[in-house]
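Thanks for coming, everyone. Please look at the sequence and the structure on the screen, and keep them in view while I talk.

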Amino acid sequence: MSMYTPYFQKHLGIRRLGHFSSTVLPMIMLLAIIQSALLASVTSARQSEHLTAFAAGCLSPSDCVAKMTLPEKEGQMTQVEKNAFTQAGNSLTDITTYSIGSVLSGGGGGPNGAGGTATQWADMVDNFQQYALQTRLGIPLLYGADAVHGHNNVYGATLFPHNIGLGAMHDPALITQVEQITRDEMLGTGVRWTFAPCVCTPQDIRWGRTYEGYSEVPSDNATDGSAAIVGFQGTNGTLGPTNVLATAKHFIGDGHTAWGTGSPYLNEGDDQISEQTMDAIDLPPYQSAVSNKVGSVMISYSSWNGLKDHANQYLITTKLKGTGTDSYGTPNLGFQGFVVSDWQAIDQISSDYNYDVRTAINAGIDMVMVPDKYKTFISTLDTEIKAGRIPMSRIDDAVTRILTAKFALGLFSQPYTNRSYTPNVGLAAHRAVARQAERESLVLLKNNGVLPLLKTGNYTLVVGGSHADNLGYQLGGWSISWQGGSGTTTAGTTLWQAIQQAGLSSSVKLNFVGTRTKGNYRGV
């Protein structure tokens with residue numbers, strides 16, 4: 001018992017233990033243990049309070065805006081690509097210094113380059129977040145990424161068919177389930193904003209991003225896009241700590257551009273169409289997205305009859321955010337969320353950056369995906385505001401919209417990654433849903449009694465093409481890196497591997513025709 005004497009002498013004032021019975025002493029020891037546990041609990045609570053009470057002086061969007069300085073507002077309107085902070089002259093402390101409102105990972109922007117595990121992502125995002133919480137008002141970051149077919153930048157995450165495949169399923173309920181899984185896996189990495197779904201309505205198969213659209217039919221895109229938004233944000237767009245912010249993109253006219261008017265990569269172009277045609281073909285998916293309370297809308301690189309969408313105040317402020325109707329009687333959308341630019345897109349407006357900044361902000365863009373020259377953007381924005389070329393009412397509106405999303409997501413109370421979700425990234429149950437989506441996405445154009453193939457029989461199955469055994473190529477774009485890659489870029493099974501694992505009898509011969517990157521032959 002002598003080993004306990006110092007504790008009792010110090011904490012209970014007991015100097016002699018000999019007169020304590022064997023019954024009383026264990027009771028005192030138990031009380032001491034309880035006291036210790038309570039102290040630990042209080043300490044933990046205080047630590048938690050320290051983490052969650054950082055915005056005690058900024059309790060609502062309007063309260064924040066009323067208390068913010070102009071530089072703090074400018075920072076909230078700025079989105080920076082994570083790698084920009086490691087460029088010469090920049091630092092992670094710039095997040096604090098400039099009150100940066102959002103950070104994103106571009107395609108392939110993992111913790112140490114392309115890929116990275118869920119835990120590594122969570123550590124990275126939380127590290128960025130701690131700098132934001134050191135600002136005067138402690139306004140948290142909103143971290144974004146292109147989780148467009150699963151949380152596709154993360155190694156080992158569950159990947160699903162691209163939108164063109166999901167659209168072929170004609171199964172909105174399964175699309176919702178797909179994006180619920182994507183949401184859960186995003187939560188496990190601290191990324192609370194996805195730049196999805198793409199609700200474009202491609203009208204020319206030659207458009208370079210056709211695979212990002214669900215369908216060429218407006219009503220299909222409206223249905224499928226809304227199903228995705230429900231998966232990300234919950235029913236009726238009810239955001240909270242267990243949801244991620246969705247983005248309807250790219251407003252407006254993606255894939256409806258005139259052939260030959262776009263860049264060499266067919267990423268953009270000029271929509272040479274009437275407003276009536278736009279209302280009929282391109283607008284319905286956005287009408288549905290806004291009705292389902294999508295949290296953000298991203299603007300298209302493209303132009304409408306020669307004017308860049310990022311500079312088009314009529315499209316953004318009147319048609320997207322406004323009320324009333326257009327000249328054809330089509331209701332404007334009354335969008336209440338915030339508008340974000342595409343990657344460095346405002347730079348395309350003109351060769352005059354000051355003009356680009358004031359034109360884009362006055363057009364109705366709330367947050368600018370800079371993505372790297374954030375100091376230049378903030379300085380330019382500051383100059384334009386102080387010169388009276390951007391009204392403060394426009395700035396306050398933009399910041400209010402951004403902060404409204406952050407409060408709705410619960411970032412002010414839970415800014416860090418919910419680590420209980422982290423082990424769920426790539427779960428077997430999630431992959432089972434991905435397999436179901438793959439099955440439903442397949443389209444059989446013709447069958448002359450050949451399918452389904454029997455696992456037993458005397459026949460030769462010929463598999464052709466190097467991509468049949470190249471996981472990276474089979475996953476396509478937005479898979480670990482922006483354009484995807486070659487080889488085993490993440491965890492998965494190639495078509496050739498799946499056939500080998502299908503349990504075919506030894507009488508079925510397998511023949512691979514083409515250059516292979518890995519695996520073993522079986523048969524001739």
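I will go through strands, a core, a helix, salt bridges and a few loop residues.

One caution before we start. This is a predicted model.

Let's begin with the strands. Find strand β3, residues 142-145. Which way do its residues point? Leu142 and Gly144 point one way, and Tyr143 and Ala145 point the other way. In a regular strand the side chains alternate between the two faces of the sheet. Are these four residues of β3 buried or exposed? All are buried.

Now the partners of β3. Strand β2, residues 102-105, runs parallel to β3, and four bridges join the two. Ser102 stands opposite Leu142. How does the chain get from β2 to β3? The path goes through α6, and this β-α-β crossover is right-handed. Then there is strand β4, residues 193-194. β4 also pairs with β3 in the parallel sense, over two bridges. There, Thr194 is the bridge partner of Ala145.

Next, the core. The largest nonpolar core has 109 residues. Which residues have the most contacts inside it? They are Phe251, Phe338, Ile346, Phe377 and Leu381. Helix α6 gives the largest share of this core, with seven residues. As background, in soluble globular proteins, nonpolar side chains tend to be buried together.

Take Phe377 from that list. Setting aside neighbours within four places in sequence, Phe377 is in contact with Met77, Thr78, Ile346, Tyr353, Val357, Val368 and Val370. Ile346 is also one of the core residues with the most contacts. Another core lies apart from the largest one. That one has nine residues, among them Val463, Leu504, Val508 and Leu510.

Phe377 takes us to helix α14, residues 374-386. Does the length of α14 fit, or not? The helix has 13 residues, and at 1.5 Å a residue it should span 18 Å. Its end C-alpha atoms are 18 Å apart, so the expected span and the model agree. The buried residues in α14 are Tyr374, Phe377, Ile378, Thr380, Leu381, Asp382, Glu384 and Ile385. What covers them? The cover includes α4, β1, α5, α13, β11 and α15. After α14 comes Gly388, with a positive phi near 80°.

On to charges. How many salt bridges does a search of the whole structure find? It finds 21. Let me show you a few.

Here is one: Asp126 with Arg419, where the closest N and O atoms are 2.9 Å apart. This pair links distant parts of the chain, 293 residues apart. Asp126 sits in helix α6, and Arg419 sits in the loop between α15 and α16. Asp126 has a relative accessible area of 12%, so it is buried. Arg419 is partly exposed, at 37%.

Here is another: Asp279 with Lys319, again with the closest N and O atoms 2.9 Å apart. Asp279 is in helix α10 and Lys319 is in helix α12, 40 residues apart. Asp279 has 8% relative accessibility, so it counts as buried. Lys319 has 1%, and it counts as buried too.

Arg206 and Asp204 also meet in a salt bridge, at 3.0 Å from N to O. Arg206 is partly exposed, at 41%. Asp204 is buried, at 16%.

Some salt bridges link up further. Which residues form a network? They are Lys321, Asp366, Arg394, Asp397 and Arg401.

Last, two loop residues. Gly426 is in the loop between α15 and α16. Its relative accessible area is 18%, so Gly426 is buried, the cut-off being under 20%. Leaving out residues up to four places away in sequence, Gly426 touches Gly156, Ala157, Thr158, Glu185 and Arg431. Gly426 and Ala491 are 65 residues apart along the chain, and their C-alpha atoms are separated by 8.8 Å.

Now Ser506, in the loop between α18 and β13. Is Ser506 buried or exposed? At 65% relative accessibility, Ser506 counts as exposed. Its C-alpha atom is 8.9 Å from that of Asn458, and the two residues are 48 apart in sequence.

That is the tour. Over to you for questions.

Note on methods: Residues numbered from 1 in each chain as written. Predicted model: local features only at pLDDT ≥ 70, side-chain atom pairs only at ≥ 80, totals over all residues. Heavy atoms only, no water. Salt bridge = Lys/Arg side-chain N within 4 Å of Asp/Glu carboxyl O. Buried < 20%, exposed > 50% of the residue type's maximum accessible area, 1.4 Å probe, protein only. Expected span 1.5 Å × (residues − 1). Contact = heavy atoms within 4.5 Å. Pairing = 2+ DSSP bridges. Right-handed = clockwise from strand over helix to strand, strands pointing away. Core = buried A, V, L, I, M, F, W, Y, C linked by side-chain atoms within 4.5 Å.
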